[in-house]
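Me: Could you walk me through this fold with a few questions and answers? I would like to start with a charged pair and then move on to the sheet.

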Amino acid sequence: MANCVFCRIVAGEIPSTKVFENDEVLAFRDIAPQAPVHVLVVPRKHVDSVQGMEEAGVAAALLRGVAAVAEKEGLKSFRTIMNTGAESGQTVFHFHAHVLGGRKMKAMG
Ligand code: AMP
């Protein structure tokens, strides 16, 4: 999708630090990390958010990507966040999961 930063990363038009990739997803380091490990897992195909998901397989692929990132980064404990909508804090409207680890997390608020 034009003007989507994550589509442009998937297309290789914007550089990223890749952590994992397969045919369905790409995982790369967040540009503004909130933890020692902060990786984003995005489907290659554009979907705005979990609400725009037409195929359940996208969710499975995303979660398999999360697990692959955790294994690659040696994380035994980590937090996975998927923001949906501006009020939740979603700023990039291309479905993605944050994988945060490497420090003790505070309780959710
Ligand atoms: P969210 O706020 O859930 O939509 O998450 C979007 C995330 O994308 C934020 O944590 C940003 O720091 C991150 N981000 C935005 N642009 C880039 C980029 N070019 N490379 C890596 N991460 C990015």
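**Salt bridges, sheet and a histidine**

Reply: Happy to! R8 counts as partly exposed, at 36% relative accessibility; here buried means under 20% relative accessible area, exposed over 50%, and partly exposed in between (1.4 Å probe, protein chains only). Please keep in mind that this is a predicted model, where local features need pLDDT of at least 70 and side-chain atom pairs count only at pLDDT 80 or more, while totals for chains, interfaces and linings use all residues. Residues are numbered from 1 along each chain as its sequence is written, and side-chain values use heavy atoms, with hydrogens and water left out.

Me: Which residue forms a salt bridge with R8?

Reply: A salt bridge here is a side-chain nitrogen of Lys or Arg within 4 Å of a carboxyl oxygen of Asp or Glu. The closest N and O atoms of the pair are 3.1 Å apart. The partner counts as exposed at 52% relative accessibility, and it is E13.

Me: How many residues apart in sequence are the parts that E24 and R64 tie together?

Reply: The two side chains meet in a salt bridge of 3.4 Å, N to O. E24 lies in the loop between β1 and β2, whereas R64 belongs to helix α2; helices (H or I, at least four residues) and strands (E, at least two) are DSSP runs, numbered from the N terminus. E24 is partly exposed at 39%, and R64 is exposed at 51%. The pair therefore ties together parts whose separation in sequence is 40 residues.

Me: Which strand holds the residue that E73 meets in a salt bridge?

Reply: The side chain of E73, in helix α2, meets that of R29 at 3.0 Å, N to O. Both are partly exposed, E73 with a relative accessible area of 24% and R29 with 35%. The two lie 44 residues apart, and R29 sits in strand β2.

Me: In what order do the five strands form the open sheet?

Reply: Two strands pair if DSSP finds at least two bridges between them, and the pairing in this sheet is antiparallel. The edge strands, each pairing on one side only, are β1 (18–21) and β4 (78–81). Neighbouring strands are turned by 20° against each other on average, direction ignored. The order is β1-β2-β3-β5-β4.

Me: What angle does the direction of helix α2 make with that of β3?

Reply: Helix α2 (residues 57–73) packs on the sheet and touches β1, β2 (25–29), β3, β4 and β5, contact meaning heavy atoms within 4.5 Å. Axes are lines fitted to C-alpha atoms, for helices over the stretch in contact, and angles run from 0 to 180 degrees between N-to-C directions. On that basis the angle is about 150°.

Me: Which residue in β5 stands opposite V41?

Reply: Strand β3 (residues 37–43) pairs with strand β5 (residues 97–101) in the antiparallel sense, over five bridges. Opposite V41 stands A97.

Me: Is H38 buried or exposed?

Reply: H38 lies in strand β3, and its contacts beyond four places in sequence include F28, P33 and L100. Its side chain makes a polar contact (a pair of N or O atoms within 3.5 Å; within protein, one must be able to donate a hydrogen and the other to accept it, and residues adjacent in sequence count only if both atoms are side-chain atoms) with the side chain of H98, at 2.8 Å. The backbone nitrogen of Q34 lies 3.0 Å from a polar atom of the H38 side chain. With a relative accessible area of 5%, H38 is buried.
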